[in-house]
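Open the model in your viewer and keep the selection panel at hand. We will go stop by stop.

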Amino acid sequence: MKRAGTLRLLSDLSNFTGGALLRELLAGDPAVLVRCSPDGRHLLLLRPPGSPAPQLLVAVRGPGLALERAWPEGHPSPLDAFFVPWLARPALILVWQSGLAEVWGTGMEPGWRILQSTELCPDGGARVMAVAVTRGRLVWCEERQLGDGDQPEKLSMAFSHCVCVKTLETSGEAGTKLGCTHILLHHCPSFGLIASRKDLFLVPTTTTWPGVAHVLLIWSPSKGKVIVAAPSLGLSHGKSLNPRQGDTWDFRTLLRGLPGFLSPREPLAVHTWASSSQGLLLLDLKGKVSLVQCHGGTRTVGALQGAPVGPEGSAALGTFHGTLACALGSTLELLDMNSGQLLERKVLSTDRVHLLEPPAPGIKTEEELEPQGALHLLSALGLFCVAWETPQGFELPSDKGLVFEEACGYYQRRSLRGTQLTPEELRHNSMFRAPQALASILQGHLPPSALLTTLRAELRDYRSLEQLKARLVAGDDEEAGWAELAEHEVARLLRTQLTGEQLAQFNTIFQALPTAAWSATLQALQLQPDRTGKLRSQAPPDVWKKVLRGPPAGKEHPNGILPPFELLCRCLCQLEPQWLPSFVELAQQQGGPGWGAEGPGLPLYRRALAVLGEEGKRPEALELELLLGSGRPKAVLQAVRQLIKKELWERALEAGLALDSSSSPLLRSEIFKLLLAEFAQHRRLDAHLPLLCRLCPPEVAPDELLLLLRTHLPDDAEASTPFPEPGAEPPLTVGLVRALLEQTGAQERPSGPVQSTYEDILWDPGTPPPTPPRGPITTLQALDHPGPEA
């Protein structure tokens, strides 16, 4: 059941007067300007200046005469042309760069005739650079010549434009005429004008002064207000601008009064602008589409799969039914306006496609096959419309239906009866009053006051979740959509008890999309590293209780379903194994072993080790970190023995020194005895003797230390020489033992009698005894020749 975007042919242009010429202009000139009348019956095509005749064509669908105009060489064609949107009979306004404006219309007689001709720039010397029609007003941006007193500097020329407005007034048989003129902005840069049904957008062009090319203006005639916005800075500010009250602004003065707007910024790199009912759409050169809303805020709509081929590449934007349509070359991409997800991508048979604005609200079209609010596409092949075709039976659930569905699942879990509870039974059974009361509130029978305010956030989450599921069913199975759905589901399941069916769903999500599931868990537990590299959490205890709850003692979950803690540990082993020891250590601080289990449970480090696999097949580094971070004496001693076996002496000593001497004296003493035994047997610990001295417990007496050393000394009964054989292990010397004996002595030399047999060694001054006096040399010589007396 998949929703599909349909491209339906409305007309092959044969029912338009001048249909052959219409096809020729659409196929031959890619730069032609196309506009559609509000009722959809008239199509206007205006070719740029310098094009061959005819430069202007107004084709009519059905009965009526077309309008063709051509201007000879030396007489430029109009700069722009517009239909007047609020007249019963079609009317047309042509504007030239010189400032000439003509109003054309149809009367009682068939055919088009000129109704009025006027000069927009009566002073002369000015040039119209851009023009637009909005809400009964003609607005244009003109470039004026500098006065005699102005300096022809580059900066002065850049701000030599002004924005003017002229009202459109009804005038009996003539239909419409141009009224009085009012200046909106003085001394402004060159602006492009884009009109929507409510607002007018003044956007920078390629000739705008670079220092202000990041600023755009939004003028709302109905509110009498102008908003200055800088999308790249995230700034917007509103000022009063009502022509009826005589408001006008000097652009330079306006910007000087807005702090932050003149910060150095790159110009807006925009390829295509387009108006919509929600604001102004802009497509940059990288294929990203953004929306400038009417209040000045900017948000990203989405990114196209392709990007415009250079500044001259063809691109067109439009919206319908909450969907963004972008014709990029010969492809048409449809994106969801809320999520930015790609819904559909179509390949067209031509790269010259024009997107037309949908008919104005309240105006009926003559085409019966045209869906309401569809988007029109015009090319040389014909007039098409694109809209969503929803299959039968596909609809989003209502808020009222969601209430009874969720309540049905809740009551079913609490019920002891074997029959299945249905939403229809909840609707008609007066026993279940809570869902009926909530449904009545949503239906509007009761005031929503406090209860609806409390439930608004949860209902919004449920609604957005269901809409996301519906979009995934209707569109392509994009990875981003599934990831978002996984995050919604994990966040919802963490608010439940995570038992039975919820736990099975939790396991399924982690198996299918582990990255998205872990990302949602990260947000729910509020995990973040601190300065020391350890994980910290600000989640409430209730969330941790659900995560750390283990199975009852002696029982396992069926079908390989893991408890939440084991599931998170397995996910971390796959994604970020270096964070597993820190996560287990944080979990021990939050709850402790067996928290939430029925009866005594396994310690958390044992549960995490079980996830790593059987003993002997686990990653050694992770196993050591888990054992050392567990805080359990047996686990820490097991880790130290493994470190000693691997001859990682410094790591073993650091593990002992990391323990607090006041809270873990026995554990530190055991680690010291293990390392002292190794120190007595070989010399590979000599380089780390300072650390071993620091680890020595202060309560160990010198005689006890020597007895420990003697216990672990190697058997040297067979040694016949005082020195080891070449290549043999050197024996333990008194110099090495002396450093340890000094560590075991008191902080200061005792003043009383010697308490230990060996304690006097510590206080030996270290000076050898004096050498005995030698005899005279003569005596030595006499000894060389002994006599009979000797």
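Helices and strands here are DSSP runs, with helices of at least four residues and strands of at least two, numbered from the N terminus. Counted that way, the protein has 22 helices and 32 strands. This is a predicted model, so start with confidence, since pLDDT is the predictor's confidence in each residue, from 0 to 100.

**Whole chain**

Colour by pLDDT. The protein averages 77, and 76% of the residues score at least 70. Now select residues 592-599. Here the pLDDT is below 50, yet the stretch has 21 contacts in the model beyond near neighbours in sequence. Go on to residues 746-759. Their pLDDT stays under 50 as well; the model gives them nine contacts beyond four places in sequence.

Switch to a surface view of everything. About 42,700 Å² is exposed, and carbon and sulfur atoms supply 53% of that area. Of the 790 residues, 42% count as buried. Among contacts with a separation of 6 or more, 51% join residues 24 or more positions apart.

**Strands β6 and β7**

Select residues 80-83, which make up strand β6. Show side chains. Asp 80 and Phe 82 point one way; Ala 81 and Phe 83 point the other way. All four of these residues are buried. Add residues 91-95, strand β7. The two strands run antiparallel and pair over four bridges. Find Phe 83 again: its bridge partner in β7 is Leu 92.

**Two hairpins in a row**

Select residues 279-284 (β21) and 288-293 (β22). Five bridges join them, in the antiparallel sense. Leu 281 stands opposite Leu 291 in β22. What lies between these strands? Three residues do, and the pair forms a hairpin. Click Gly 287 in the turn: its phi is positive, about 95°.

Keep β22 and add residues 298-303, strand β23. This pairing is also antiparallel, with five bridges. Lys 288 stands opposite Ala 303 in β23. The hairpin of β22 and β23 has four residues between the strands. Gly 296 in this hairpin takes a positive phi near 100°.

**An open four-stranded sheet**

Move on to residues 315-347, and look for the order β24-β25-β26-β27. The four strands form an open sheet with antiparallel pairing. Which strands are at the edges? They are β24 (315-320) and β27 (342-347), each pairing on one side only. From one strand to the next, the twist averages 15°.

Now isolate β25 (residues 323-328) and β26 (residues 331-336). Six bridges hold this antiparallel pair. Within the pair, Cys 326 stands opposite Glu 333 in β26.

**The nonpolar cores**

Hide the cartoon and show side chains. The largest nonpolar core has 77 residues. Select Trp 544, Phe 565, Phe 583, Ile 671, Leu 675, Phe 679 and Leu 740, the ones that touch the most other members.

Centre on Leu 675. Which residues does Leu 675 contact, leaving aside neighbours within four places in sequence? They are Ile 644, Trp 649, Ala 652, Leu 653, Leu 685, Leu 692 and Leu 695.

Last stop: apart from that core lies another, of 29 residues. Select some of its members, including Ala 130, Val 139, Val 163 and Phe 251.

Technical notes:
Residues are numbered from 1 along each chain as its sequence is written. This is a predicted model: local features need pLDDT of at least 70, side-chain atom pairs count only at pLDDT 80 or more; totals for chains, interfaces and linings use all residues. Side-chain values use heavy atoms; hydrogens and water are left out. Two strands pair if DSSP finds at least two bridges between them. Axes are lines fitted to C-alpha atoms, for helices over the stretch in contact, and angles run from 0 to 180 degrees between N-to-C directions. Contact means heavy atoms within 4.5 Å. A nonpolar core is a set of buried Ala, Val, Leu, Ile, Met, Phe, Trp, Tyr and Cys residues joined through side-chain atoms within 4.5 Å. Buried means under 20% relative accessible area, exposed over 50%, partly exposed in between (1.4 Å probe, protein chains only). Accessible areas come from the Shrake-Rupley method with a 1.4 Å probe; for residues, only the protein chains shown count as cover.
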